[in-house]
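Good morning, and thank you for making time for this presentation. Please have the model open while I speak.

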Amino acid sequence: YTQYIQKDKFKMVNIRRAEYSDLFQMQNCNLLCLPENYQMKYYLYHELSWPQLLYVAEDIYNKKIVGYVLAKIEDENAAGKPEIHGHITSLSVKRSHRKLGLATKLMEATQKAMLEIFDAEYVSLHVRVTNRAALHLYRDILQFEICGIEDKYYADAEDAFDMRKYLKPRIEKKQEEKKTNESTASQEKKEESSETETKKKHRNKSKKKD
């Protein structure tokens with residue numbers, strides 16, 4: 001996946017899959033832009049576990065990383081039930097390269113990979129309740145929905161909006177659930193029928209002995 005974005009002759013950015021050599025620049029971008037910071041081993045953990053989901057925005061003139069998205073796949077929902085979904089760990093774009101739509105492109109790239117590679121049901125994320133710019137991006141542009149509020153989620157005790165976007169059409173999800181239920185019901189019916197047939201055979205054998 002490679003996508004070039006050009007605003008003028010001085011700014012041309014390449015959206016591409018992240019590589020190991022990008023991790024230090026990704027960390028630097030994070031330190032410059034966000035209060036939520038991570039040790040290098042956390043970036044390495046994501047790159048080793050879900051390399052398909054990490055994307056960077058690279059300035060093609062100086063080869064500097066000006067934005068990134070750090071994401072992962074989880075196989076359980078909040079209730080502990082099996083449910084494959086993606087989660088955005090961190091998203092950042094340097095001030096010098098904002099207003100280019102880079103955050104949107106990075107999010108679209110990782111969401112596409114979540115669906116096509118991992119067959120994820122939805123993607124979730126957390127955002128500070130006071131971060132209006134981020135809320136505008138997620139809710140108004142990327143069509144995420146607010147599912148709830150997590151009290152004192154951040155280290156400084158600020159609350160977070162728990163947001164979610166379904167990657168599959170809800171109709172498709174309902175159809176899958178219906179097929180699963182029908183298949184389960186059919187299997188149970190076969191088992192009941194087989195059990196009844198077995199009981200009949202036992203009764204017939206008992207009658208013959210009598």
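I shall go through the overall fold, the salt bridges, the aromatic residues, a surface patch and two backbone angles.

A word on the basis first. This is a predicted model, in which local features need pLDDT of at least 70 and side-chain atom pairs count only at pLDDT 80 or more, while totals for chains, interfaces and linings use all residues. Residues are numbered from 1 along each chain as its sequence is written, and side-chain values use heavy atoms, with hydrogens and water left out.

Let me begin with the fold. The protein has five helices and eight strands; here helices (H or I, at least four residues) and strands (E, at least two) are DSSP runs, numbered from the N terminus. Read from the N terminus on, the order of elements is β-β-α-α-β-β-β-α-β-α-β-β-α. Of the 210 residues in the protein, 38% are buried. Buried means under 20% relative accessible area, exposed means over 50%, and partly exposed lies in between, with a 1.4 Å probe and protein chains only. The protein exposes about 13300 Å², and carbon and sulfur atoms supply 49% of that area. Accessible areas come from the Shrake-Rupley method with a 1.4 Å probe; for residues, only the protein chains shown count as cover. As for contacts (heavy atoms within 4.5 Å), among those between residues at least 6 apart in sequence, 61% join residues at least 24 apart.

I turn to the charged side chains. How many salt bridges does a search of the whole structure find? The search finds 10, a salt bridge being a side-chain nitrogen of Lys or Arg within 4 Å of a carboxyl oxygen of Asp or Glu. Arg16 takes part in two that I wish to show. With Asp22, the closest N and O atoms are 2.8 Å apart, and both Asp22 and Arg16 are buried. With Glu58, the closest N and O atoms of the salt bridge to Arg16 are 3.2 Å apart. That pair links distant parts of the chain, with Glu58 in strand β3 (residues 55-59) and Arg16 in strand β2 (residues 11-17), 42 residues apart. Glu58 is buried as well.

Arg128 forms a salt bridge with Asp156, where the closest N and O atoms are 2.9 Å apart. Arg128 lies in strand β6 and Asp156 in the loop between β7 and β8, so this pair ties together parts that are 28 residues apart in sequence. Arg128 is buried, at a relative accessible area of 14%. The two residues also belong to a network of salt bridges that links Glu36, Arg128, Asp156 and Glu158.

Arg128 has a further partner: it lies over the face of Tyr154, at 4.3 Å from the ring centre. A charge sits over a ring if NZ of Lys or CZ of Arg is within 6 Å of the ring centre and within 35 degrees of the ring normal. Arg164 lies over the face of Tyr122 in the same sense, at 4.0 Å from the ring centre.

That brings us to the aromatic pairs. Rings of Phe, Tyr and Trp (its six-membered ring) pair if their centres lie within 6.5 Å; planes under 30 degrees apart count as stacked, over 60 as edge-to-face and the rest as tilted. By this rule there are seven aromatic pairs. The ring centres of Tyr122 and Tyr166 are 5.4 Å apart and their planes stand at 55 degrees, so this pair is tilted. Tyr122 belongs to strand β6 (residues 122-128) and Tyr166 to strand β8 (residues 160-166), so the pair ties together parts 44 residues apart in sequence. Buried or partly exposed: which applies to Tyr122, and which to Tyr166? Tyr122 is buried at 1% relative accessibility, whereas Tyr166 is partly exposed at 26%.

Tyr138 and Phe144 form an edge-to-face pair, 5.9 Å centre to centre with 65 degrees between the planes, and both are buried. Elsewhere, Tyr38, Tyr42, Tyr43, Tyr45 and Trp50 form one aromatic cluster.

Finally, the backbone. Most residues other than glycine have a negative phi. Asp119, in the loop between α3 (102-118) and β6, has a positive phi of about 55 degrees. Ala157, in the loop between β7 (145-150) and β8, has a positive phi of about 75 degrees. Asp119 is partly exposed at 44%, and Ala157 is partly exposed at 40%.One item remains, the surface patch. Tyr20, Leu44 and Leu48 form a nonpolar patch with about 310 Å² of accessible area together. Patches are made of residues with over 30% relative accessible area and no salt bridge, with like charges joined within 9 Å and nonpolar side chains (Val, Leu, Ile, Met, Phe, Trp, Tyr) within 5 Å. Leu44 is found in helix α2 (residues 40-49) and is partly exposed, at 35% relative accessible area.
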